[in-house]
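Here is a friendly briefing to read with the model open beside you. Take a first look at the fold, and then follow the topics below.

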Amino acid sequence: MAAGGLVTVGIAMYEAYAVLIGATVSVGVSMAGGSAVTFGAAALAAAGGPVGIAIAVALIIAAVVARFVVMKDAVNDLLFANDSKFKIVFNSEHIENGERAFREDEIPARVDLADGTVAAYPCGVYIYRKYQAGFLGAFGFFGSMFGIRFDAKRGSLTDGFSIGMECPNTALGGRNSIYCTTQSARAASGGASAGGYEEGIATTAHGKLTGRRANPWGNINYGVAFFESTA
């Protein structure tokens, strides 16, 4: 992106990357819990005969499934590029599942040269992930689903639009998704939850919002969105 002329807001990109890598913190908790269950199953098998062995097998299967689900880092990672003469301002958010890890409050307007040539497209990074701490962190079966409401402002003009993304726990079903709308943050979150959208488009009074996600599966739902002026 740097080679192509894209810019971001200060040190935000590095900080967002650090947060994304830090999402694997849940692995330590799940590994410890899984090992405890497996150890208990082995003790039952050694002491309980055929019944104990059957219970042990069931516990081991449960431990493997639980470890897989809890270890899955359900992360929504959105890069927003501004291809408009409007500045993009965060308005509100609705987090259905999980928590916010990183958010920009404002993305400057597109940088144009005197001859009208585009010099740079300012970007913002938005990262939402499943719970990382406490009970919900240790048993994070809900993935990450959110909606963000933005205002596009230029002088007295204001457009409103929202982006929603979902990265569910694979073992519980569902595909990665992105959704764009002119409605509320809650509506954007609900739209993403409807399942598996790879592209979203929302047309406002003065612009057009487009969002795309990279892959329907995977523990990180990479998405990119851009807002372009039409007036």
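Two strands are taken to pair if DSSP finds at least two bridges between them. By that rule, β13 and strand β14 (residues 220-229) are an antiparallel pair with seven bridges. Please keep in mind that this is a predicted model. The protein chain has 231 residues, and 40% of them count as buried. Its secondary structure comes to five helices and 14 strands.

**The chain as a whole**

- Contacts reach far along the sequence: among those between residues at least 6 apart, 62% join residues at least 24 apart.
- The exposed area of the protein chain is about 10900 Å², and carbon and sulfur atoms supply 62% of it.

**The five-strand sheet**

- Five strands make an open sheet in the order β5-β3-β9-β10-β11, with antiparallel pairing.
- The edges are β5 (106-107) and β11; each has a single partner strand, so one side of each is left without a neighbour in the sheet.
- Helix α5 packs on this sheet and touches β3 (87-97), β9, β10 and β11. The direction of α5 makes about 35° with that of β10.
- β9 and β10 run antiparallel and are joined by eleven bridges. They form a hairpin with two residues between them, and Gly155 in the turn has a positive phi of about 60°.
- Strand β10 (residues 157-167) is also joined to β11, by five bridges, again antiparallel.
- Ile163 is a handy residue for tracing across the sheet: this β10 residue is the bridge partner of Ile148, and in β11 the bridge partner of Ile163 is Cys180.
- Met165 has its own bridge partner in β11, namely Ile178.
- How many of the eleven residues of β10 are buried? Nine are, and the strand is mostly covered.

**The strands towards the end of the chain**

- β12 and β13 pair in the antiparallel sense over five bridges, and they form a hairpin with three residues between them.
- A second hairpin is made by β13 and β14, with six residues between them; in its turn, Gly218 has a positive phi of about 115°.
- Arg212 in β13 stands opposite Glu199, and Arg212 also stands opposite Val224 in β14.
- Strand β13 (residues 207-213) is mostly covered, with five of its seven residues buried.

**A loop residue and a turn residue**

- Asn169 lies in the loop between β10 and β11.
- Is Asn169 buried or exposed? Its relative accessibility is 2%, and because buried means under 20%, Asn169 counts as buried.
- Asn169 and Gly218 are 49 residues apart along the chain, and their C-alpha atoms are separated by 9.3 Å.

**Aromatic side chains**

- The count of aromatic pairs comes to eight.
- One of these pairs is Tyr128 with Phe146, which is stacked: the ring centres are 4.0 Å apart and the planes differ by 5°.
- This pair links distant parts of the chain, with Tyr128 in strand β8 (residues 122-129) and Phe146 in strand β9 (residues 144-154), 18 residues apart.
- Tyr128 counts as buried, at 0% relative accessibility. Phe146 is buried as well, at 0%.
- Tyr179 and Tyr197 make a tilted pair, because their planes lie at 50°; their ring centres are 5.7 Å apart.
- Where do these two tyrosines sit? Tyr179 is in strand β11 (residues 177-181), whereas Tyr197 is in the loop between α5 (185-193) and β12 (199-203); they are 18 residues apart, and the pair links distant parts of the chain.
- Tyr179 is partly exposed, with a relative accessible area of 26%. Tyr197 is partly exposed too, at 36%.
- One aromatic cluster is formed by Phe80, Phe86, Tyr126, Phe150, Phe161 and Phe227.
- A charged side chain also meets a ring: Arg103 lies over the face of Phe90, at 3.8 Å from the ring centre.

Key: Residues numbered from 1 in each chain as written. Predicted model: local features only at pLDDT ≥ 70, side-chain atom pairs only at ≥ 80, totals over all residues. Heavy atoms only, no water. Helix = DSSP H or I, 4+ residues; strand = E, 2+ residues; numbered from the N terminus. Buried < 20%, exposed > 50% of the residue type's maximum accessible area, 1.4 Å probe, protein only. Contact = heavy atoms within 4.5 Å. Areas by Shrake-Rupley, 256 points an atom, 1.4 Å probe, with all protein chains shown as cover. Phe/Tyr/Trp six-rings, centres within 6.5 Å; stacked < 30°, edge-to-face > 60°. Lys NZ or Arg CZ within 6 Å of the ring centre and 35° of its normal. Axes fitted to C-alpha atoms, helices over the stretch in contact; angles between N-to-C directions.
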